[in-house]
Amino acid sequence: MGKKLLLIDGHSILNRAFYGLPDLTNSEGLHTGAVYGFLNILFRLIDEEQPDYLTVAFDVHEPTFRHKIYAEYKGTRKPMPEELRQQVPLMKEVLDSMNICRMEKAGLEADDILGTIAKRGEREGMEVRLVSGDRDLLQVATDHICVRIPKTKQGKTEIENYFAGDVETLYKVNPVQFIELKALMGDSSDNIPGVPKVGEKTAIELMTTYGSIENIYANLDNISKKAIRESLAANRELCDLSKTLATIDVNAEFDYSFENATIDNIFNREAYELFKRLNFRNLLTKFEGDVTKTEIKIDFKDINTKSEADAVFKGALSYAGSRNDRFIGIGILSDDSPSGKKREKIGQLSLFDDASESTDLIGISVCFEDEKASYFELENDITAAYVGEKLEELSEKCRLSFFDIKHAYKYFKPYEVDNYEKKKEGSFDILIGAYLNNPLKNDYLPEDIASEYLQMTIRSKTQIFGKESPLAADRNLRKEYTGYLAYVSYKAAPLIQKKLEDSDMQDLMNDVEMPLSYILYDMEKEGILVKREELKVYGERLTGRIEELEKAIHKEAGQEFNINSPKQLGEILFEKLGLKGGKKTKTGYSTAADVLEKLAPENPIIRNILEYRGLTKLKSTYADGLATYIDTDNRIHTSFNQTITATGRISSTEPNLQNIPMRTELGRAIRKVFVPKEGYVFADADYSQIELRILAHMSGDQGLIDAYHEGRDIHRITASKVFGIPFDEVTDIQRRNAKAVNFGIVYGISAFGLSEDLNISRSDAKKYMEDYLATYPGVKNYQDSAVESAKEKGYAVTLYKRRRPMPELKSGNFMQRQFGERVAMNAPIQGTAADIIKIAMIRVWRRIRKEQLLSRMILQIHDELLIETKKEEEKKIKLILEEEMTKAADLLVPLEAECHTGSDWFEAK
């Protein structure tokens with residue numbers, strides 16, 4: 001068997017990848033989704049084919065001979081989307097970095113280049129595989145040239161293979177005749193007009209009967225269908241033009257050598273650096289050995305005794321002194337095994353009870369010099385208690401820098417936690433800082449920050465340890481990981497801080513995000529108590545109701561079926577029962593919630609189905625799901641994330657306790673299983689309409705401001721003004737509609753969205769919105785100015801200077817730009833609300849600590865705070881919550897926070 005040649009149609013596969021993947025961007029804002037998708041297809045092909053030679057061909061962005069011919073007939077090709085156009089040069093840069101042969105030539109299309117190389121390869125005895133989404137290339141298929149066409153089936157990419165015989169089986173013509181088949185039937189995707197009224201079926205019939213275009217025209221009178229015969233007769237010139245457009249030049253002239261197309265060292269250093277820059281983290285595992293090692297060599301010094309460790313900490317103190325621009329980088333490695341994680345979850349506020357016995361700390365690196373770091377592990381007389389003590393001493397005088405500092409709080413408490421009035425600029429988290437600078441990237445890792453801020457490459461934790469536990473790995477690997485973690489924390493911190501200062505976000509970082517990180521740690525550590533048995537009973541209660549609903553649904557349907565199968569459910573509802581309003585899709589009828597909710601008022605079976613769905617989700621997510629998270633202390637310790645959302649909102653995972661349902665009675669009942677410990681109650685406080693109040697402030701609309709100062713029902717006031725009726729005569733439906741508009745405006749809702757929410761006509765929804773904006777003209781002015789500002793600056797900004805980049809506003813896609821405009825209106829409001837609740841958390845937490853109360857903040861749910869409150873402190877905590885939450889921001893309208901207490905979360909809420 002001869003050598004194998006792999007040929008790829010660059011633009012075709014890049015275009016396919018662009019439409020098959022979401023629009024990814026890297027930390028620089030470069031569009032990268034199409035390049036990432038292309039590379040995944042490329043690596044799959046290389047693995048499958050194991051080629052000896054590889055070439056990728058591109059069109060040149062100027063009209064080719066065939067384009068010019070077509071332009072004379074009917075315009076030019078559809079312009080490429082801007083997001084894709086930007087990735088073409090990037091794709092070429094990536095291929096060049098991998099030493100992959102790339103071909104293009106002015107005046108030639110990619111398929112001319114590919115066809116010519118394919119035929120040349122075949123003549124030299126090679127097996128050729130040609131990959132393209134363009135079926136024109138089927139004309140070059142032979143017994144040794146296989147044209148491979150990627151197709152998406154059920155969300156997965158499959159590749160169809162066409163040798164000459166496969167072309168004949170599918171189209172009933174040989175590859176050479178395929179040119180004339182395309183000329184007859186045309187191809188809109190490749191701007192081949194074809195003959196009007198001649199589709200694929202007719203074209204195949206004509207070609208199998210007569211064998212060629214010449215023969216078809218020689219036998220025109222024998223064609224029975226009058227319309228086809230007349231169209232062929234009237235369009236001979238167009239048919240010939242189509243043949244010219246469809247014919248690939250397999251003898252094109254250009255310089256090409258198979259020697260230059262060998263696959264050699266594609267996973268090299270240059271490619272590795274570029275992949276890092278593009279944030280192609282999943283593809284970095286393909287690189288091995290020295291390629292992945294950083295060019296900057298750090299001298300890792302092993303510390304084995306306490307006296308040596310003392311000298312390191314003393315040197316760090318001497319270096320930093322009290323200068324706020326000097327950071328000491330700390331890298332920490334802990335045991336991430338299940339037992340280590342469990343110890344972490346149940347850890348005490350201070351680990352120093354018996355830290356050396358219980359801690360999951362493995363080792364620590366300290367860096368305060370270029371290209372030097374000291375590493376020591378918990379051994380001999382170096383204990384976790386000693387490390388924590390030294391870090392606390394350093395934090396009083398210096399600025400410590402970490403990656404993901406929340407996980408370091410298990411080992412020390414920074415000086416500024418209780419001395420924030422004395423020391424404003426304290427510990428620094430490069431993860432939080434990098435996130436503030438670019439909140440659209442929500443998965444920063446140390447190697448990303450090293451690449452983005454230091455232009456250096458470090459190995460990831462996975463690359464260093466693989467699937468092995470760090471404890472089982474070689475000490476030198478642990479030293480490498482923590483050493484580079486400390487080095488990056490030391491070197492990147494001043495650069496990240498400078499960028500924050502340039503964006504006027506240093507106060508947001510120092511006064512809000514850094515203090516909050518410790519509070520979130522404290523809340524995670526505390527956890528929330530769960531009645532395990534009551535949770536089980538709740539699950540059984542759900543099961544009973546689910547079974548009742550299942551029987552009722554089957555009875556109403558007249559047969560048993562799988563309610564969880566959209567296909568079966570759609571057939572029952574819209575075919576057997578004949579319900580009106582069904583939406584037919586390729587896979588059957590849509591049974592999405594928005595479709596069913598419109599049918600629910602008139603159809604009991606739909607109401608039962610919606611309840612059934614809600615309860616099955618409740619059971620799997622909460623009744624069953626929460627049970628797996630109850631720790632040995634009978635508390636759930638969720639993880640709070642402050643570097644995930646683009647708006648700055650805190651999120652909760654493992655499990656998500658911010659999404660506990662509230663809409664249904666059974667859903668709300670889940671809160672009854674969350675209880676305070678003995679001798680305590682829950683105090684629950686949440687803001688009243690905080691985002692609407694922020695809108696009133698930011699818009700400066702006097703009508704909205706006055707409405708809030710009146711202290712009456714804002715939705716009823718709005719209904720009264722918008723509908724022009726006295727306040728006391730507003731109906732509940734009018735109030736509901738006004739409420740939907742009030743909150744819809746905050747989120748930049750469209751008339752279509754409002755019509756869907758209220759189940760009214762689009763014209764009525766549009767009239768509601770127009771009347772609302774006429775009533776509160778400042779709101780429309782705010783919306784317009786927010787969009788214009790975001791377009792001009794490239795970002796939206798909150799009252800506290802938090803930025804949300806707005807790349808959507810420059811998108812070539814109309815729907816993306818519209819989405820961007822809605823975000824530009826909403827992000828300042830939602831982001832400001834997130835900032836205010838964070839400020840409130842800090843104020844409440846500090847007040848509780850300052851007054852030495854036993855109560856503890858344990859949950860934050862968007863605009864709501866939950867305090868596990870000592871019974872004797874109940875009145876005091878209610879006062880603190882109301883005072884500190886209402887004073888968290890100084891707006892043009894008053895902030896209001898309502899507080900309730902109870903013996904469980906349900907009662908308190």
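This passage walks through selected local features of the structure, which is a predicted model.

A good place to begin is strand 2, which spans residues 53-57. Five of its five residues are buried, so strand 2 is largely enclosed by the rest of the structure. The covering extends to both faces: Y53, T55 and A57 are buried on one side, and L54 and V56 are buried on the other. Strands of a sheet pair through backbone hydrogen bonds, in either a parallel or an antiparallel sense. Strand 2 runs parallel to strand 1 (residues 4-9), and five bridges join the two. Within that pairing, D9 has A57 of strand 2 as its bridge partner. Strand 2 also runs parallel to strand 3 (residues 101-103), here with three bridges. In this case V56 stands opposite R102 of strand 3. A57 and V56 thus appear both among the buried residues of strand 2 and in its bridges, A57 with D9 and V56 with R102.

An antiparallel arrangement is found elsewhere, in an open sheet of three strands with the order 16-13-19. Strand 16 (635-636) and strand 19 (674-675) stand at the edges; each has a single partner strand, so one side of each is left without a neighbour in the sheet. Strand 13 (residues 528-530) pairs with strand 19 in the antiparallel sense over two bridges. For L529, the bridge partner in strand 19 is V675.

Turning to the helices, helix 11 (residues 226-234) has I228, S231 and L232 as buried residues. Viewed down the helix axis, the buried residues of helix 11 fall within an arc of 100°, so they line one face of the helix. As general background, an α-helix has 3.6 residues a turn, so residues three or four places apart point the same way. The partners of the buried residues of helix 11 are helix 8 (175-185), helix 9 (200-210), helix 10 (213-218) and helix 12 (236-246), against which they pack. On the face turned away from the buried side, helix 11 carries the exposed residues K226 and A234. A further buried helical position is S451, in helix 19 (residues 446-454). S451 counts as buried because its relative accessible area is 14%, under the 20% cut-off. Apart from neighbours within four places in sequence, S451 is in contact with K276, R277 and M456.

Aromatic residues give another view of the packing. The whole structure holds 28 aromatic pairs. In one of them, the ring centres of Y272 and F287 are 5.2 Å apart and the planes lie at 65°, so the pair is edge-to-face. Y272 belongs to helix 13 (residues 269-277), while F287 lies in the loop between helix 13 and strand 7 (299-303), so the pair ties together parts that are 15 residues apart in sequence. Both partners are buried: Y272 has a relative accessibility of 0%, and F287 has a relative accessible area of 3%. Y272 and F287 also belong to a cluster linked by ring pairs, together with Y36, F43, F267, F275 and F280.

Rings also take part in contacts with charged side chains. The charged end of K441 sits over the ring of Y444, at 5.2 Å from the ring centre. Likewise, the charged end of K672 sits over the ring of F906, with 4.7 Å to the ring centre.

Finally, the backbone has a few features that deserve a look. Most residues other than glycine have a negative phi, and most peptide bonds are trans. Against that background, D504 has a positive phi near 60°. D504 is located in the loop between helix 21 (475-502) and helix 22 (506-526), and its relative accessibility of 37% makes it partly exposed. H862 likewise has a positive phi, near 60°. The loop that holds H862 connects strand 23 (856-861) and strand 24 (864-870), and H862 counts as partly exposed at 27% relative accessibility. The peptide bond from E654 to P655 is cis, with omega near -5°. P655 sits in the loop between strand 18 (651-653) and helix 27 (665-668).

Technical notes:
Residues numbered from 1 in each chain as written. Predicted model: local features only at pLDDT ≥ 70, side-chain atom pairs only at ≥ 80, totals over all residues. Heavy atoms only, no water. Helix = DSSP H or I, 4+ residues; strand = E, 2+ residues; numbered from the N terminus. Buried < 20%, exposed > 50% of the residue type's maximum accessible area, 1.4 Å probe, protein only. Contact = heavy atoms within 4.5 Å. Pairing = 2+ DSSP bridges. Phe/Tyr/Trp six-rings, centres within 6.5 Å; stacked < 30°, edge-to-face > 60°. Lys NZ or Arg CZ within 6 Å of the ring centre and 35° of its normal. Arc of directions from axis to C-beta.
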